[in-house]
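Q: Can you take me through the ligand site in this model?

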Amino acid sequence: MNEHEPVVDLQLDRAHSSRIYDYFLGGKTNFLADRMAAGSVLGVFPAALVAARINREFMHRATRFLAESGLRQFLDIGTGIPTPPNLHDIAQGSAPDARIVYTDNDPIVLAHAAALLLSTPEGRTAYVQADVTDPGGILTAPQLLDTLDLSRPVALSLNALMHFVPDDGRDRARTIVETLKAALPSGSTLAMSHATADFAPEAMRKISKIYGDAGTRLQFRTRPEFLRFFDGWDLLEPGVTLSHQWRPDDPADATHVTDAEAACYAAVARKP
Ligand SMILES: C[S@@+](CC[C@H](N)C(=O)[O-])C[C@H]1O[C@@H](n2cnc3c(N)ncnc32)[C@H](O)[C@@H]1O
């Protein structure tokens, strides 16, 4: 680093959602504060390891399905620390010419973004450091506009992200998602997973407190609240499920995990 480069504060002394999730996925980009928070979560909800893995697997299946359905442009917000296979590995595995824009607000994801930029020669990947609470900033970012053609269908992914956007009585999360949806043309899709307290309310209340103590506010949403994110778009089969139940590769996979362990709703919808 030279003296002209901006100094980025990675805030290693406090737990971050991206690094806690990385720990649950068995990654190495996590630090003492993250591991302590992750340990507290596991103390009240040992299934967090399962929930993280099957959430990630939902992203894999949904992305493959969308690439195989003809989508060639992907916008993944709240990307997370690179964990192979990443979204572009899956999309370009089916469609080498796929173009992917990744976005996250955590500087540690930016620090590791090189792994997200290893595109196929036929396709392209880009990274935008941005916050989903500024959807206009994401949609007008030069890296996005250089990579995606917003007049053609885009597969938008908001996986395990919007529960980090509390409404504060203003329907804020839905307004953000509606802004993103409105910017995309017919044939675009929304793939989304979202944590819920519908099945293990007491454990989720304790998890909320652990994240809150670390400075990250969480808002779990019910099934009807999750469903509203897709208003006006056509849900693809099988509709809203728990993350492991959405088009499982092997139907048996959907029976090994309980709804309480999954703790995340998932769905994919298409803009008419
Ligand atoms: C649980 S991880 C999910 C990663 C990936 N989408 C997946 O499902 O495997 C959530 C990610 O969202 C990011 N995030 C949280 N709040 C955000 C915000 N307001 N804007 C952008 N990214 C955010 C975190 O930094 C973290 O990387």
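What follows is a short chat about the ligand and its pocket.

A: First, this is a predicted model, where local features need pLDDT of at least 70 and side-chain atom pairs count only at pLDDT 80 or more, while totals for chains, interfaces and linings use all residues. Residues are numbered from 1 along each chain as its sequence is written, and side-chain values use heavy atoms, with hydrogens and water left out.

Q: How many residues surround the ligand, and which are closest?
A: There are 18 around the ligand, the closest being Y21, R56, G78, D104 and D131. A residue counts as near if one of its heavy atoms lies within 4 Å.

Q: Which atom of the ligand does R56 approach?
A: An oxygen atom, 2.9 Å from a polar side-chain atom of R56. That is a polar contact (a pair of N or O atoms within 3.5 Å). N105 also has a polar side-chain atom 3.4 Å from a nitrogen atom of the ligand.

Q: And what about G80?
A: G80 uses a backbone N or O atom, 3.4 Å from an oxygen atom of the ligand.

Q: How much of the ligand is covered?
A: The protein covers 95% of the 600 Å² of accessible area that the ligand has on its own, by the Shrake-Rupley method with a 1.4 Å probe.

Q: Which helix gives the most to the shell?
A: α1 does, with three residues. Helices here are DSSP runs (H or I, at least four residues).

Q: What classes of residue make up that shell?
A: Six are nonpolar, eight polar and four charged. Asp, Glu, Lys and Arg count as charged, and Gly is among the polar ones.

Notes: A polar contact is a pair of N or O atoms within 3.5 Å; within protein, one must be able to donate a hydrogen and the other to accept it, and residues adjacent in sequence count only if both atoms are side-chain atoms. Helices (H or I, at least four residues) and strands (E, at least two) are DSSP runs, numbered from the N terminus.
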